[in-house]
Structure formats: structure tokens, C-alpha cells
Amino acid sequence: MSENAAYDIVQAARSQSKIDSYTLINGVFSDFHELHGDRLHGDDPALIGGVGRLNGRPVTILATNKGRDMAEGQATHFGGVSPDGYRKAIRLMKQSTKFNRPIVALINTPGAYPGVEAEYGGQGEAIARSIQTGLGQPVPYLSLIFGEAGSGGALALATGDEVWMLEKSTYSVVSPEGYASILWRDGKLADQAAAKMKLTPSELLAAGFVDRVLPEVTTPETLSALTTQLDLKITALAKLPVAELMAARRQRYRQF
Amino acid sequence: MPAKFNGLDKSTLAKRMDKIPSDLYVTCPYCKQSVYHQKLGPFQECPHCGYGFRLGAAARLKIVTDKFEAFDAELAVDPALVDDQYAEKLTKAKQHSGLPESVVTGMATIDSLQVAIGVMDSNFMMGSLGSATGEKLTRLFEEATRRRLPVVLYTASGGARMQEGLHSLMQMAKVTQAVTAHGEAGLCYLVVLTDPTTGGVTASFAMEADITLAEPHALIGFTGRRVIESTLHIKPPADFQRAETLLANGFVDDIVARSAQKATIVSLLKLSQGGA
Ligand SMILES: [Zn+2]
């Protein structure tokens, strides 16, 4: 991909005009109830958890949250999830199995929060358990990347039966700035890094990391189209015998 | 006083000191004391603070196992994922470590106890998690599940391998699945976290074991210190990612010096054989 095309997508994925998590949740689902807290330590606003309906069907909703303004951004560490957030996700993932609720995860995070408290709280352990718990729940699980998806902090919610992306989103092991500064010792080469990293939806689709790329959601019509697509897929997954669902999920991640 | 009894002046002494092979003395990366190399002993431990100096996989296996038979010894990264810059790094890593990848896996006996074992080697691209690393670890857990054996894993890693992009990230999910299946078969997974264990390895299989041991003062964390410093413009406390801190915060079962590891591992595994 050309430098401009790839870096344009990086910037669009990070743009202020990107749909925010609550607008996305309320636009796609009805009857949304936010459920707070990890029952261990705290409540991380960078990870929204809750339940709602997808075309009438009860689902568990997990979404990273960058915040809608500066104050919210500071509270959510601009979408950098802390251990409390991942543990909230883990709690609700397990609950989804009890009530046979499919899981829909909505991802827009630069990565897990890089803080001292997060390290003390076991950031690595929390992400590891989130990956493991998500892979293990015998209910349909869809992950949709709608902005940035950076590193293990994104993977924690991106182990669904399918992983989808919006057109202006990215998924990578490190940010282009990080890649350029680590491998080329020059963080200013982010645009060149973006072109090389194969982090755009079309490249990731071609490489088999992503199952589907959808148009951006901006209007009520596009939100409703997304609802329809999610519902069709969840309905199809819900029809599979559990053993088949789990075998397909295992195969999806075993191939890499 | 005859001149020959005079002490050497400082500059002469400094020049002579320079001629002493530098590998005779090493500086402990943890307590910063200078240690006569031979004083490190067979376990390569600092006599002052107990820090375990970084070991290559071969040296590690020698210390821990009585017999070892390698799996997938030639397995290496798919050439389709390797560009020129990465190829150069791989060549250097192979020369530096004598290994084709950042982990060695196989079957071993530790005192007569059969185990599946994996040892990561920080001499190979800082033990980074490439797709071949992940494949070898996945096969190790799969084989251990088939043979109904416990897994002992020594981690040492700087995290994901940037050069492989999402191929690297996906290893975290792939190995995790194999760990889960092994655990669901009622088998024990014991990990020993060694210096350093960070990034994507910490955020996956390093933190998924039934029993989590660590070496004294080992650096263990997710986000690297420098990333935290440059992102938040703060200076984290000196020991914020050391094994002792993780023990205090509840993320490690125990800290075990190398000299005690063999006996501890065997005892713990024998206490954990009653699974389904
Ligand atoms: Zn020392």
C-alpha cells in the first residue's frame, strides 16, 4: 500500500470525527444497560460493558472507550484499558455463557494503558485471561474493530469467531510510530512504517486476519445496516452446534 | 625506600587493569556489584543478591533436565514473512544464539519425572515471539496433551516480534488455545518467569500457568519502562516490574533460586498429578 493511502487510514482511524463508543452502541443495539465493575478492584471507564438487544436478541456488549471529550479522554486514558477493564470484560464474557448471550466486542484502542498502576495491577495477566476467556466461551463471539486496534490490548477483545473491521480502521502489533522508532530508530517515519506494516483492512482481509470489511458508520442508515450485518452473522453462528462453533474458532486461531 | 617497592601509580594500574580480560569480572545487572566470573558458580547466580544471570537455552536445559530430546529442532519462520532487514537480524540471532528460533522445545526427564519442556532464549532476538516460536510452543502443549505430560516452560522475552506484524500477535491466541486444551485435560502447566519476561509473552502464556514461579529479581511486566517514561513523562520506581513486586502483588506463586528449581519443580508437579 502507498505511504499516503496507509497513513491516511491510520489518521482516519484516530480522527476526532470517528464515531464514539456510546453512539455506536446505542445506534446498533436497543435496550442497552451498562454494567459496571470487575468485582475485584474497580471500574475502568475505558472498557464499557453491558447487555442489550441486537435485533431483539439479547447480547453481551463490550467496547473500548476513548471518551467523547478531553475530560472523558483523561478518565479513559484515551482508550487505554487498565486491568480493571479487562477483568470487567472477563466477568461479563463468563456471564454471557451462563445466559447463552452472544458476545459483540467493539474495539478502538491504541493499546492497553501503559501506566505504573496498570503494571502493579497485572496488566499482562489481565490481557492473557481476557484472550483465554474469550476464546473459551461457548457462545457466538464477534469482534469489530472500528478505529485503532493496537497490540495485545486489542487482541484481548479480538478473539471472536470472526473479526471484522470498518473501512477506516487499523489493526497492528505496534503503532506505526512505535514500529518506526524501534526498527528504524526514527519515529517520524510513521507514514513509511504504516505502508510497510500491512495494517489496513484490505491488507488484513487478504492475509486472512480479518473476515470482513464494512463501510464506515456515520448515519442512522449506516448504523442500521451494521445492525443487520451483525445480526445475520450472530444468527448463523447461533445455529451451529456448540462443538462445531468451538472447533471452527479453534481452527481460526490455530492456522496462524 | 627502593623504587621497586613503590606502589603502581594510578594510571599504570588502570592500564594494567584494562589488560585483564573483561569477562573475568562481570557486573551484576541487578545489584551492580562486580563479581569474579567463577564466583557465579554452576547456576550463574550473583553471590551478593541472588540474581540469575541470563542463560541460553542449552545452558538452562543442562541445569534443569537430566535427559532432553528436542522437538521441531529445525522449525523456523516462513521465508515469505522475511524481508532483507529481518533476514539480517535473523542471521545475527542465529549466530549469536546457535539456534534457529527463540525457543527450544522437547521432552525431558527431571529426576526421572517425564515432562514436556520449553525454554526461551533471550540471545535470539531478545526471545521475541515470532510465528515459529508460537508454533513450536503450540506443538509442545499439543504433544504434552496427547502424551498426558505436564509442561514446564521457562520464559524469556522482549515480547512480540515487530517484524512479523499480526503474525506475531496471533501467536498469543494460538498458544493460549493450546494451553487451555492442555489444562482442560487435567494436566499441569508450570512456568518459570526469567529475566526478562515482557510484552506479548507476559500478556499470554507466561500468565496462564497453574503454577507460576519466578527467578530472583527477574524483570517481569507488560509495558516496557521506556514506553511508560516516554508516554507519561514519569519515572516508575526502580523495582516496579521485578519478581518480588509481582510476588507482593499476587501474580507469582513463589520466587525460586536456580539451585532449588529442579527439586521444587519435581515436587510441585508430583503434587499436581491428580487431575481429570
Ligand atoms: Zn547481584
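# Exercises on a predicted two-chain model

The UniProt annotation "domain: CoA carboxyltransferase C-terminal", from an unreviewed entry, covers residues 1-232 of chain A. The structure used here is a predicted model. The predictor gives the complex an ipTM of 0.98 and a pTM of 0.94.

## Exercise 1. The annotated stretch of chain A

Task: State how much of residues 1-232 of chain A is helix and how much is strand, and how far apart the end C-alpha atoms are.

Solution. Start with the secondary structure: over residues 1-232, chain A is 44% helix and 21% strand. Then take the two ends of the stretch, whose C-alpha atoms are 31 Å apart.

## Exercise 2. A profile of chain B

Task: Describe chain B by its confidence, its secondary structure elements, its dimensions and its share of buried residues.

Solution. Step one is confidence: the pLDDT of chain B averages 93, and 91% of the residues score at least 70. Step two is the elements, which are nine helices and nine strands. Step three is extent: the C-alpha trace of chain B spans about 80 × 45 × 40 Å along its principal axes. Step four is burial: of the 276 residues in chain B, 53% are buried.

## Exercise 3. Four cysteines from a record

Task: Which residues of chain B does UniProt list for "binding site", and why can they be said to gather at one spot?

Solution. The unreviewed UniProt entry lists C28(B), C31(B), C46(B) and C49(B). These residues span 22 residues in sequence, but no two of their C-alpha atoms are more than 8.7 Å apart, so they gather at one spot.

Next, place C28(B): this residue lies in the loop between β1 (25-27) and β2 (34-36) of chain B.

Now classify by accessibility, with under 20% relative accessible area as the cut-off for buried and over 50% for exposed. C28(B) has 0% relative accessibility and counts as buried. C31(B), with a relative accessible area of 26%, is partly exposed. A cysteine from outside the list can be treated in this way too: C188(B) has a relative accessible area of 6% and is buried.

Last, count the disulfides. Over all chains, the structure holds zero of them.

## Exercise 4. The cavities

Task: How many cavities of 30 Å³ or more does the structure hold, and which residues lie closest to the centre of the largest cavity?

Solution. The structure holds two cavities of 30 Å³ or more. The closest residues to the centre of the largest cavity are E119(A), G122(A), I220(B), G221(B) and L246(B), out of 17 residues that line it. The volume of the largest cavity is about 120 Å³.

Then trace the lining to its elements. α5 (116-120) and α6 (123-136) of chain A and α8 (243-248) of chain B each supply at least two residues to the largest cavity. The largest share, three residues, comes from α6(A). Sorted by class, this lining has seven nonpolar, eight polar and two charged residues.

Repeat the steps for the second largest cavity, which has a volume of about 80 Å³. Its lining has 13 residues, and L55(B), R60(B), M120(B), A156(B) and T194(B) lie nearest its centre. In chain B, α2 (57-64), β5 (113-120), β6 (151-157) and β7 (189-197) each supply at least two residues of this lining. β6(B) gives the most, with three residues. By class, the lining of the second largest cavity has six nonpolar, four polar and three charged residues.

## Exercise 5. A residue in strand β6

Task: Is L153(B) buried or exposed, and how far is its C-alpha atom from that of T198(B)?

Solution. First locate L153(B), which is in strand β6 of chain B. Its relative accessible area is 0%, so L153(B) is buried. The C-alpha atoms of L153(B) and T198(B) are separated by 15 Å, and the two residues are 45 apart along the chain.

## Exercise 6. The second largest pocket

Task: Which elements each supply at least two residues of the lining of the second largest pocket?

Solution. Begin with the volume of the second largest pocket, about 410 Å³. Its lining has 23 residues, and K196(A), K198(A), L81(B), Q163(B) and E164(B) lie nearest its centre. From chain A, the elements are β7 (170-172), α8 (176-183), α9 (190-197) and α10 (201-207). From chain B, they are α3 (84-97) and α5 (166-184). By class, the lining of this pocket has 14 nonpolar, five polar and four charged residues.

Definitions and conventions: Residues numbered from 1 in each chain as written. Chains lettered and ligands numbered in written order. Predicted model: local features only at pLDDT ≥ 70, side-chain atom pairs only at ≥ 80, totals over all residues. Heavy atoms only, no water. 1 Å grid on protein atoms, 1.4 Å probe; cavity = no way out; pocket = protein on both sides within 12 Å on 5 of 7 lines; lining within 4 Å. Points joined across faces, edges and corners; volume = space filled by probe spheres on them. Helix = DSSP H or I, 4+ residues; strand = E, 2+ residues; numbered from the N terminus. Nonpolar A, V, L, I, M, F, W, Y, C, P; charged D, E, K, R; others polar. Disulfide = S-S within 2.5 Å. Buried < 20%, exposed > 50% of the residue type's maximum accessible area, 1.4 Å probe, protein only. pLDDT = per-residue confidence, 0-100. UniProt positions renumbered as here; feature names shortened; annotations may be inferred.
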